[in-house]
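Morning, everyone. Please bring up the sequence and the model, and follow along with me.

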Amino acid sequence: MDPSDPAISYEASFRDAVQEAYLKLGIASRPIMERPRSGQADLCLVTFAVSGETGLEPGKIAEEVKELIGSDPRWTLEACGGYLNCTFDPVRFVKETGDHLWKRRKDPGQGSPTGKKVIIEHTSANPNGPFHVGRARNPIIGDTLVRLLRLYGHEVESQYWVNDMGKQVMILAWGIKNIPPGELGEPGREKADHHMVRYYQAANERMESDTDVQEEINELLRNYEDAVGDQDLGRIISGKGRPVITASDVREAVREVLSGMVVSLDRLGVHLDTFVYESQVVEDRSLQDVIEGLRKSPLCREEDGASFLDLSEKMKGGDDDKYKRRFVFTRSDGSALYTTRDLAYHSWKLSRCDRAINVLGEDHRYQSQMLSLALSELGSTGVPEVVFYAFVSLPGGKMSTRRNRVVFLDDLLDEAVERAREEVEKRRDDLTTGELSSISEAVGIGALRFNVIKVQPEKRMVFRWEEALNFEGASAPFVQYSHARACSIIKKHGVEFDGTPDWSLLVEPSEISLLRTLGRFPQVIEEAASKRKMHLVPLYLVELASSFNDFYRDCPVLAESNEDRRDTRLALVVLSRSILKKGLGALGITAPEQM
RNA sequence: GGGCAUGUAGUCUAGCAUGGUCAAGGCGACAGCCUCCUAAGCUGUAUGUCUCCGGUUCGAAUCCGGACAUGCCCGCCA
């Protein structure tokens, strides 16, 4: 909250004035205010609810409050039925808004440091093959949240939790050791993850048809866990008496696949600060601490040598014995499970930040709830906050790697950029190859990210090329286009206007409306970040771009004969450019200067 | 069997925590706008039992109860 922001201070002042009037009328309730969408006022007080408290008609209350507040140069009030409409003084409010924005034009919307450290875990896909779009929302949502919270003022670290201890990873590693490359088909593309996934697939097939292989892999997995637990990564691990692999080999395989996956993330504009390996919590023994901690919980039970927390009292549903809520943390043989390692990771993570946020698919809701309960049993001060997203499905049903009903993220990225390139080429024939490809990349990838973020994560999405790569209407290119128009005007003018604009020269409705829309940017960022409502940003940007387009249509800038007015309009263009760029940046979308 | 999530024009989405002045946009459809700072733009028209049934209220897309539909989950797997 920036008290020097007129958009905030006007509202606060009006609220205070109403509150004071309410007190005089003997009304204790908090004033109910809203911003009318229809635009007949900037703010309005709704008095119906407090009518009972005073015995007065709602319309009468509005009148009384208006009288009590009296006149104020900042606004005019109008009682209208049960509403008290407050309209900010156009000249004064526009001037203050403009001045405020102009002061911060270099870094609009940047919140002051909160001093809070936030760790955001996202993506965390199993490192056994390329990303497919069923889960592509995860890195986009996660990375956007990272950017948004940084803009808000938090210190943010992004983490990828790498599952390098599971069966899938062992299947992959086994495949690399046992399947001759000659038996593999051609890779989908020249990229480490596409190369390596063939070993995983081939090993999977082998395992399905051969129970010996299955047993061997299970045994390897168990011995692998032991080797890591003993901090002996060089030990040669056997399966069914056959020495096969070392823990280092497994890690190497994982790193190799991951390197390919990171290439895709880079292209998407997604950056991860830290990769935390699952094996780390085993190696550093923090897993053992967690297991011992859980054993002390009053909820801890044992059955056939396995240990678990009985959570049936803490979780809804499941009276049936078959559906008991149990958080199993050691097997009968004493070994740990994935969830136990995840718990150790979270315990470590929470100790290193003020707040942890996880981005997870909706299939993890139940697991995540258990994890939080287990964390509380460990005496953890906090639990992670989770952003869940629904899966992306294909028009014919869900995506399935096994049935080959998948769209790979890499293919989606290629297609996005290719379609963007066609559009650019339609319009421009004067670009260098470098310009063409950087614009296509920005537009294609931007369109994709924008379309993911503009819908709330919990809503299901059906993947359709036309929608995922929508280039018009409410889309990234629409916003980028307005930005390019702004850049074009400034470029054409030659020198960047850097004086002091006289906002009172703004007279056209569309230019005033533009300035006021620009003024809302900090509040939008604040609300989107604090309430984790990322979709508010694209929504706002479309509104801003649209407002800029209206201005562009109605108000000639360079052709304006009055020099002072021209300069003021130039200032408006500079602000628009700056905020459009910053807003897109918060979504991880680049804003080309031309397109 | 149970838990959780979602349900808004042909279609996709916003609005729902704090009920309130005409349910807001995009796509698609139809009709227009480039001698003028990039038409990826702009203007206009048509299209709605806000899934259904009850309840609370002066007032419900919004709150409560109950249905229905769809998705996800309920392993000593990850």
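**A walk through chain A**

Chain A splits into domain 1 (6–88), domain 2 (117–299 + 335–393) and domain 3 (413–586). Keep in mind that this is a predicted model. How far apart are the C-alpha centres of domain 1 and domain 3? They lie 35 Å apart.

Let's start with a sheet of four strands. This sheet is open, and its order is β1-β2-β4-β3. The pairing is antiparallel. Which strands stand at the edges? They are β1 (32–34) and β3 (75–80). Each has a single partner strand, so one side of each has no neighbour in the sheet. On average, neighbouring strands here are turned by 25° against each other, ignoring direction.

Now look at one pair in that sheet. β3 and β4 (residues 83–88) run antiparallel and are joined by six bridges. Find Leu 77. Opposite Leu 77, in β4, stands Cys 86. Then there is a helix. Helix α3 (residues 58–69) packs on this sheet and touches β2 (43–46), β3 and β4. The direction of α3 makes about 160° with that of β3.

Next, a sheet of five strands. This one is open too, with the order β9-β6-β5-β13-β14. Here the pairing is parallel. At the edges are β9 (274–277) and β14 (385–389), and each pairs on one side only. Neighbouring strands in this sheet are turned by 25° on average, again ignoring direction.

Take one pair again. Strand β6 (residues 155–162) pairs with β9 in the parallel sense, over four bridges. What stands opposite Val 162 in β9? Tyr 277 does. A helix packs on this sheet as well: α12 (residues 338–350). Helix α12 touches β5 (117–121), β6, β9 and β13 (355–361). Its direction makes about 165° with that of β6.

On to single residues. Ser 279 sits in helix α10 (residues 278–283). Is Ser 279 buried or exposed? It is buried, because its relative accessible area is 0%. Setting aside neighbours within four places in sequence, Ser 279 is in contact with Asp 164, Met 165, Val 228 and Arg 251.

Now some backbone angles. Most residues other than glycine have a negative phi. Arg 285 is not a glycine, yet has a positive phi of about 70°. You will find Arg 285 in the loop between α10 and α11 (286–295). Its relative accessible area is 40%, so Arg 285 is partly exposed.

Arg 532 also has a positive phi, near 55°, and is a residue other than glycine. Its loop runs between α19 (521–530) and α20 (536–554). Arg 532 counts as buried, because its relative accessibility is 16%.

Last topic: cysteines. A disulfide is a covalent bond between the sulfur atoms of two cysteines. How many disulfides does a search of the whole structure find? Zero. Why is there no bond at Cys 555? The closest cysteine sulfur, in Cys 487, is 19 Å from the sulfur of Cys 555, so the two are too far apart for a bond. Cys 555 also counts as buried, at 2% relative accessibility. Cys 300 counts as buried as well, at 17%.

That's the tour. Thanks for listening.

Technical notes:
Residues numbered from 1 in each chain as written. Chains lettered and ligands numbered in written order. Predicted model: local features only at pLDDT ≥ 70, side-chain atom pairs only at ≥ 80, totals over all residues. Heavy atoms only, no water. Domains from an automatic or database assignment. Pairing = 2+ DSSP bridges. Helix = DSSP H or I, 4+ residues; strand = E, 2+ residues; numbered from the N terminus. Axes fitted to C-alpha atoms, helices over the stretch in contact; angles between N-to-C directions. Contact = heavy atoms within 4.5 Å. Buried < 20%, exposed > 50% of the residue type's maximum accessible area, 1.4 Å probe, protein only. Disulfide = S-S within 2.5 Å.
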